[in-house]
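I opened this model to look up a few helices, their surroundings and some backbone angles. The entries follow in the order in which I made them.

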Amino acid sequence: MQSSQKISEKKIHQIWAHQNFTNELKTFSGEEIEVLFPGEYNNDETGPDFKHARIKLGNLTFIGDVEIDQDYSDWKRHGHNINRNYNKTILHICVTNNLKQNYVYTSDGRKVQSLSLENFISIDEIEPMNMSNSKSSDKNFELRCSSEINSIDKKIIENALLNYGLKRFENKCSNVFTRLKELKFLNDLKLNEPVIRYELTQEFNNKVFLQSEFRDKEIWKQLLYEFIFEALGYSKNKKIMQKLAQNVNLKFISKINLDEKFQLKLESILFKISGLLPENISSDEENYVRNLNEIWNQEKQNYDGKYFDETQWHFLGQRPQNFPTIRIAGGIKIIEAILNHNLIGHLIRKFSEIKKEAVLINSIRSLFVIKANGYWAEHYVFDKKSNIKLNYLIGVSRADEIFVNVILPFLSVYFEVFGNHNLSKKVLKIYNEYEQKLDNKIVRDVAHGLNSVGIEKKTIYAQGMIEAFRNYCSKNKCLECEIGKTIFN
């Protein structure tokens, strides 16, 4: 193989998964490798590419993770050497090793053997990397049915997307209701997060919940808090944002004295527990950070939950306004509204009293547009002042996302639980007719591929396109898709 040849990461993953090598594998240092099990492909966007691999290196068998990079130097370039998610790596694989190094090192200082594939891959196995494989490409994803899409009636496409949009909404409502029941169950058992899932499941699944069991307002507050924080995390940080909200729960936050420093206390607690608050900082900004650290020293005795690390958060590839620091700062304002300004009561009253849908939508959406002020009007991260002033911690488009993906499912479940079916139908009607300020590449690509540009302006169609892409298009399940079945059958 030519060392200058570039291969797509997807192809490298396939070669490793199927073990398509020309010679017996050896590490760069010359140690023999026997792959007992290449591992399970990691679909998550965080952590090594393959999990739970079993690999014999010399006379020793190791069980752990495998990370694959284009070049040896990518290990450090991508920050794996300081990321604890990679501490279980047992083998580092690269296509090229121009630095001629035998090992990489994990954040805990452990030495990991490196394997360079350039002498073990047949030229026949290689598909040169092109723009369609590149993660940075702006080329549209091409649907397999796009070349035949004009052969079917547009109504079939629209009806399928409507059904998928409804299915997606129902799934969101189901997730909200499941978490509501979990919170009630955990509250009754007086357990804290995290709970071991298999210990919870048997009792939890056998329990029959009554409407009267959901009258505790604190459970609904925690529920809304968790789902809003998840939405603020986008795809890259949504899991850790949700975990942060579960660990720094409202029961703990409610113990904080409500005074003029309440917001500063919340900033201290969430930034410290998230692992994003530094101990020391440059002299120009040290007062703010010193204040947060001093406040934390006073509040930490009340916290006995999990701590997170800076390496668990994704900044790379994010727009600065989507940095987790900015989203946590914005989320703190929403926590205040939930705890001290009866946010849930306002939502319910607005939905009950406002008749005009446009007025209702604007009124609710405005509750989640958060202006920037103070330190976070001039910073995207700690210790680095921005040249551009930040106007919003949560802007209109993100407030739009929260309205569609959190508030509507949340209120639908709330009204259904308490038997207010008219308001539940009102929620669904707004979801059906809402036009979201959406800028989503998946939606653009699917709309283009289905020759249906224009209808995605309505939220239900846009959500249907996301549902179709994630569950059918991206998984090549064309014959299970309502559109694909019509075309290919």
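I began with the length of H10. At 1.5 Å a residue, the 17 residues of H10 should span 24 Å, and the end C-alpha atoms are 24 Å apart, so the two values agree. The model is a predicted one, and I read every value below as computed from it.

Next I asked how many of the residues of H10 are buried. The count is 16 of the 17, so H10 is largely enclosed by the rest of the structure. Just after H10, I found Asn 342 with a positive phi of about 50 degrees.

I then picked one residue of H10, which covers residues 324–340, and looked at Thr 325. Thr 325 has 2% relative accessibility; the cut-off for buried is under 20%, so Thr 325 counts as buried. The side chain of Thr 325 reaches the backbone oxygen of Tyr 380 at 2.4 Å. Leaving out residues up to four places away in sequence, I listed what Thr 325 touches: Phe 271, Leu 276, Phe 315, Trp 376, Tyr 380, Val 381 and Phe 382. Tyr 380 therefore appears both in this list and as the partner of the side chain, through its backbone oxygen, while Phe 271 is one of the buried residues of H8.

**H8**

That led me to H8, residues 262–274. The expected span for its 13 residues at 1.5 Å a residue is 18 Å, and the end C-alpha atoms of H8 are 18 Å apart, which agrees. H8 is mostly covered, with 11 of its 13 residues buried. I noted that the buried residues of H8 include Phe 262, Leu 266, Ile 269, Leu 270 and Ile 273, and also Lys 265, Glu 267 and Lys 272. Which helices do the buried residues of H8 pack against? I found H5 (217–232), H6, H7 (250–253), H9 (286–299) and H10. Just after H8 comes Gly 275, with a positive phi of about 90 degrees.

**H6**

I checked two residues of H6, which covers residues 234–247. Is Ser 235 buried or exposed? Ser 235 has 51% relative accessibility and counts as exposed, because the cut-off for exposed is over 50%. The C-alpha atoms of Ser 235 and His 314 are 9.9 Å apart, with their positions 79 residues apart in sequence.

Asn 237 is also found in H6. Asn 237 is buried, at a relative accessible area of 2%. Its C-alpha atom is separated by 8.7 Å from that of Gln 312, 75 residues apart along the chain. With neighbours within four places in sequence left aside, I found Asn 237 in contact with Trp 313, His 314 and Pro 324.

**H3**

I moved on to H3, residues 154–189. H3 has 36 residues and reaches 53 Å from its first C-alpha to its last, close to the 52 Å expected. I looked at both ends. Asp 153 caps the N-terminal end, with a side-chain oxygen 2.8 Å from the backbone nitrogen of Lys 155. After H3 comes Lys 190, which has a positive phi near 55 degrees.

I then looked up how H3 meets H13 (residues 396–417): the two helices pack at an angle of about 65 degrees, with axes 9 Å apart. The crossing is right-handed. On the H3 side I listed Phe 169, Lys 172, Cys 173, Val 176, Phe 177 and Leu 180; on the H13 side, Asn 405, Leu 408, Pro 409, Phe 410, Ser 412, Val 413 and Val 417. By class, this contact has 10 nonpolar, 2 polar and 1 charged residues.

**Positive phi in loops**

Most residues other than glycine have a negative phi, so I noted the exceptions I came across in loops. Lys 100 is not a glycine, yet has a positive phi of about 60 degrees. Lys 100 is in the loop between E5 (89–96) and E6 (103–105), and is exposed at a relative accessible area of 57%. Asn 476 is likewise not a glycine and has a positive phi of about 55 degrees. I placed Asn 476 in the loop between H16 (459–471) and H17 (482–488).

**Whole chain**

Last, I took the totals. The protein chain has 17 helices and 11 strands. Of its 489 residues, 49% are buried. Among contacts between residues at least 6 apart in sequence, 65% join residues at least 24 apart.

Key: Residues are numbered from 1 along each chain as its sequence is written. This is a predicted model: local features need pLDDT of at least 70, side-chain atom pairs count only at pLDDT 80 or more; totals for chains, interfaces and linings use all residues. Side-chain values use heavy atoms; hydrogens and water are left out. Helices (H or I, at least four residues) and strands (E, at least two) are DSSP runs, numbered from the N terminus. The expected span of a helix is 1.5 Å times one less than its number of residues. A polar contact is a pair of N or O atoms within 3.5 Å; within protein, one must be able to donate a hydrogen and the other to accept it, and residues adjacent in sequence count only if both atoms are side-chain atoms. Buried means under 20% relative accessible area, exposed over 50%, partly exposed in between (1.4 Å probe, protein chains only). Contact means heavy atoms within 4.5 Å. Axes are lines fitted to C-alpha atoms, for helices over the stretch in contact, and angles run from 0 to 180 degrees between N-to-C directions. A crossing is left-handed if the near helix is turned anticlockwise from the far one by less than a right angle, and right-handed if clockwise. Ala, Val, Leu, Ile, Met, Phe, Trp, Tyr, Cys and Pro count as nonpolar, Asp, Glu, Lys and Arg as charged, and the others, Gly among them, as polar.
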